[in-house]
Amino acid sequence: MEIKVLGPGCPKCQQTEKVVKEAIAEAGVSADIEKVTDTMKIAGYGVFGTPAVVVDGEVKSVGKIPKKEDVKSWISS
Amino acid sequence: MSNDACCASDQQIMILACSGGSNVGQLSNQAAVELTQEGFGKMFCLAGVGGQLSGFVQSARDTPRMVVIDGCQVGCARAIMKQADAPLGHYLVLTDEGIEKNKDFNLRRADIDQVKDAVRRAAQQDATAPAGLPGAEPVQSPCTCSSC
C-alpha cells in the first residue's frame, strides 16, 4: 500500500502525516508513506487545497486533518 | 496550485461554473474568472469533478465554502455535484437572476457584474449564518505556517 501526504510543510500537513503514521501503526498494516511537498506535483492531483491524503492513487481527504478512524477505514478496505 | 492553498482551503471559497455553451454558461465562467482574479474566491475545475477524478471529487466534497453557478435550469453543474455525492453549497441559476439565455457570446459588462454580485451575496450567507447551522463560518484556529 502506498500513502502520500500532500502539503508544503505547514503545521496541518505535519499533523496529517502524524495521524496517518499512527493509524498505520495501530492498524498493523504495511504501507509506504511519502510526503509530497513539491507544489507542481501536488497540483497534479487536482486538489483544491492541502493537506491532502492519497491512498493507492486515490485522493481520500482534502484541506483538513483527517480523523484517525477515517484513515484506518481507508487502509483496511 | 500555489503555496497559498496551504491551510487556507477551509476559508477559501470554491467557485464552480457550468461554463456551458450559451451566454449564461459563459457568463458563469467569466464571473468565476474575474472573482478569482479579484481574490474573492478560487475557480475550480468542474470538468475534473464530472470526470470523476478523485482529487477533484474529494475537493468538492471536503471544501466547506462553495458557490456553484449554473447558467440555466438544465442544471449541469448541479447534476455533476449530485453524481459526485458532493454538497451543492450555495447555488445560483443565472436565468433565475433575470438573464435571458441565448447564443450570443458577446457578453455584456452589466450582466457579468450582475452575476458577480449574485455570487458575492450568496457567499456572504456563510458569514451571516448562526454558528452551528449549515452555512456557518467554520471555526478554525489561525494557521501559523509561513506559506499562508
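**View 1. Contacts across chain B.** In chain B of this predicted model, take the contacts between residues at least 6 apart in sequence: 69% of them join residues at least 24 apart. The chain has 148 residues, and 43% of them count as buried. Look for five helices and four strands here. If you trace the chain along its sequence, you'll meet them in the pattern β-α-β-α-α-β-α-β-α.

**View 2. Helix H1 of chain B, end to end.** This helix takes in residues 23-37. Does its length agree with what we'd expect, or disagree? At 1.5 Å a residue, its 15 residues should span 21 Å, and the end C-alpha atoms are 21 Å apart, so the two agree. Plenty of H1(B) is tucked away: the buried residues include Asn23(B), Val24(B), Gly25(B), Leu27(B), Ala31(B), Ala32(B) and Leu35(B). After the helix comes Gly39(B), with a positive phi near 85°.

**View 3. The largest nonpolar core.** Here you're looking at a set of 55 residues. Which of them have the most contacts inside the core? They are Ile15(B), Leu16(B), Val67(B), Ile69(B) and Val119(B). H1(B) supplies the largest share of this core, with five residues.

**View 4. Zooming in on Ile15(B).** Leaving out residues up to four places away in sequence, who does Ile15(B) touch? Its partners include Ala32(B) and Leu35(B), and both of those are buried residues of H1(B). Ile15(B) also touches Thr36(B), along with Gly41(B), Lys42(B), Met43(B) and Phe44(B). Val67(B) and Val119(B) are on the list too, and you've met that pair already among the residues with the most contacts inside the core.

**View 5. A cis peptide bond in chain A.** Now hop over to chain A, where Thr50(A) and Pro51(A) are joined by a cis peptide bond with omega at about 0°. Where does Pro51(A) sit? Find the loop between helix H2 (39-43) and strand S3 (52-55) of chain A.

**View 6. Two loop residues of chain B with positive phi.** Gln52(B) isn't a glycine, yet its phi is positive, near 60°. You'll find Gln52(B) in the loop between helix H2 (46-50) and helix H3 (54-62). Why does Gln52(B) count as exposed? Because it has 11 C-beta neighbours inside 10 Å, and 12 or fewer means exposed. Asp85(B), also not a glycine, has a positive phi near 55°. Its loop runs between helix H4 (76-83) and strand S4 (90-93). With 9 C-beta neighbours inside 10 Å, Asp85(B) counts as exposed.

Notes. Residues numbered from 1 in each chain as written. Chains lettered and ligands numbered in written order. Predicted model: local features only at pLDDT ≥ 70, side-chain atom pairs only at ≥ 80, totals over all residues. Expected span 1.5 Å × (residues − 1). Buried ≥ 20, exposed ≤ 12 C-beta atoms within 10 Å, placed from the backbone. Core = buried A, V, L, I, M, F, W, Y, C linked by C-beta atoms within 7 Å. Contact = placed C-beta atoms within 7 Å.
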